[in-house]
Amino acid sequence: MVEKLFNPQQEIFKTEIKRNLDSGIALLRSEYETNPDEIKNRLGSEIGRLLVDELICQHQISKAQKQENSSEDSIRQVEKILRFYQQIMGEKDFMATKNGFLAEFAVIKAISVDAGFGVESSTEDEDCIHKTDLWVDLEGKALAVQVKCIKDIDRPYFIDLNLEGEFEEFYDKFGYLFKARNFLDNIEKIKQYSRGYENGIPVLIVLPSPGSDQAVFNHKTGKPDKKIGDYFYEEIDRRYLE
């Protein structure tokens, strides 16, 4: 686990953001062109990390400067990443992956900023191998969170994978929307990985996709509706803090 996100003391400079982002994209492009088959999974993870980090920076800059046009540079950089990823994945896979990255940012912001809990990014191996997108620090408990974004669900879902029957009930209702083998394998990987941490709890969060009637985050910026922060606060408080 790495440094906590949305640190209010962290000073953000637009030039540093742009420099890091440009160098990251150049490195990924070079690696992909050299050996695309072997690094595709890591490439997706790294671009997702760049995108989520840039959305976090965009939020911090906008909040600090409180100007309508303060995030224009960051938005252009986000669009740059998205165009790059679209070239690699193709339109169909790109849209599904883009929504997943935006959903991850929405969850990070909703839990960290809106609900007030500590959130930490996963490492590259945790993301690629152990299917853990982020951690939530509850001072004595650690939630290992996997985030999914699906169009045809009726509401957001917060699922404790250790609770008998909770995931099964969700899967009975919506399992047909997922690639069954991959999805179930990923669920087992995060459950196994969380067992290596004292008081580790595997959690699946599923959000409705942008464009659906139940959408809960902005399709361009990933900014979540306030009600999602309230929902996560209530779920975490009810399940783990009372």
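# A quick tour of the predicted model

In the protein chain, 70% of the contacts with a separation of 6 or more come from residues 24 or more positions apart. What you're looking at is a predicted model. The protein chain has eight helices and five strands, and buried residues make up 48% of its 242 residues. Below, we start with the whole chain, then turn to strand S5 and a few individual residues.

**The whole chain**

- Going along the sequence, the helices and strands come in the order α-α-α-α-β-α-β-β-β-α-α-β-α.
- The protein chain exposes about 13100 Å², and 45% of that is supplied by carbon and sulfur atoms.
- If you're hunting for disulfides, the structure holds zero of them.

**Strand S5 and its partners**

- Strand S5 covers residues 200-208, and nine of its nine residues are buried, so the strand is largely enclosed by the rest of the structure.
- In a regular strand, side chains alternate between the two faces of the sheet.
- In S5, Gly200, Pro202, Leu204, Val206 and Pro208 point one way, while Ile201, Val203, Ile205 and Leu207 point the other way. Whichever way they point, all of these residues are buried.
- Strand S3 (residues 142-150) pairs with S5 in the parallel sense, over nine bridges. To spot this pairing in the model, look for Leu143, whose bridge partner in S5 is Ile201.
- Strand S4 (residues 157-160) also pairs with S5, this time in the antiparallel sense and over four bridges. Here, Tyr157 stands opposite Val206 of S5.

**Just past S5: Ser212**

- Follow the chain on from S5 and you get to the loop that leads to helix H8 (226-241), which is where Ser212 lies.
- Is Ser212 buried or exposed? Its relative accessible area is 14%, under the 20% cut-off, so Ser212 counts as buried.
- The side chain of Ser212 reaches the backbone oxygen of Ser209, at 2.7 Å.

**Two cysteines**

- Cys128 is partly exposed, because its relative accessible area of 22% falls between the 20% and 50% cut-offs.
- Cys149 has a relative accessible area of 15%, so this one is buried.

**Helix H5 and the loop after it**

- Asp127 has its place in helix H5. At 19% relative accessibility, Asp127 counts as buried, because the cut-off is under 20%.
- What does Asp127 touch, leaving aside its neighbours within four places in sequence? It is in contact with Ser45, Arg49, Ser122, Thr132 and Asp133.
- Lys131 is found in the loop between helix H5 (124-128) and strand S2 (134-137). With 22% relative accessibility, Lys131 counts as partly exposed.
- Lys131 and Lys189 are 58 residues apart along the chain, yet their C-alpha atoms are separated by 6.5 Å.
- Lys189 also turns up among the contacts of Lys131 once neighbours within four places in sequence are left aside. The other residues on that list are Glu126, Gln146, Asn186 and Ile190.

How values were computed:
Residues numbered from 1 in each chain as written. Predicted model: local features only at pLDDT ≥ 70, side-chain atom pairs only at ≥ 80, totals over all residues. Heavy atoms only, no water. Buried < 20%, exposed > 50% of the residue type's maximum accessible area, 1.4 Å probe, protein only. Helix = DSSP H or I, 4+ residues; strand = E, 2+ residues; numbered from the N terminus. Pairing = 2+ DSSP bridges. Polar contact = N/O pair within 3.5 Å; in protein donor to acceptor, adjacent residues only side chain to side chain. Disulfide = S-S within 2.5 Å. Contact = heavy atoms within 4.5 Å. Areas by Shrake-Rupley, 256 points an atom, 1.4 Å probe, with all protein chains shown as cover.
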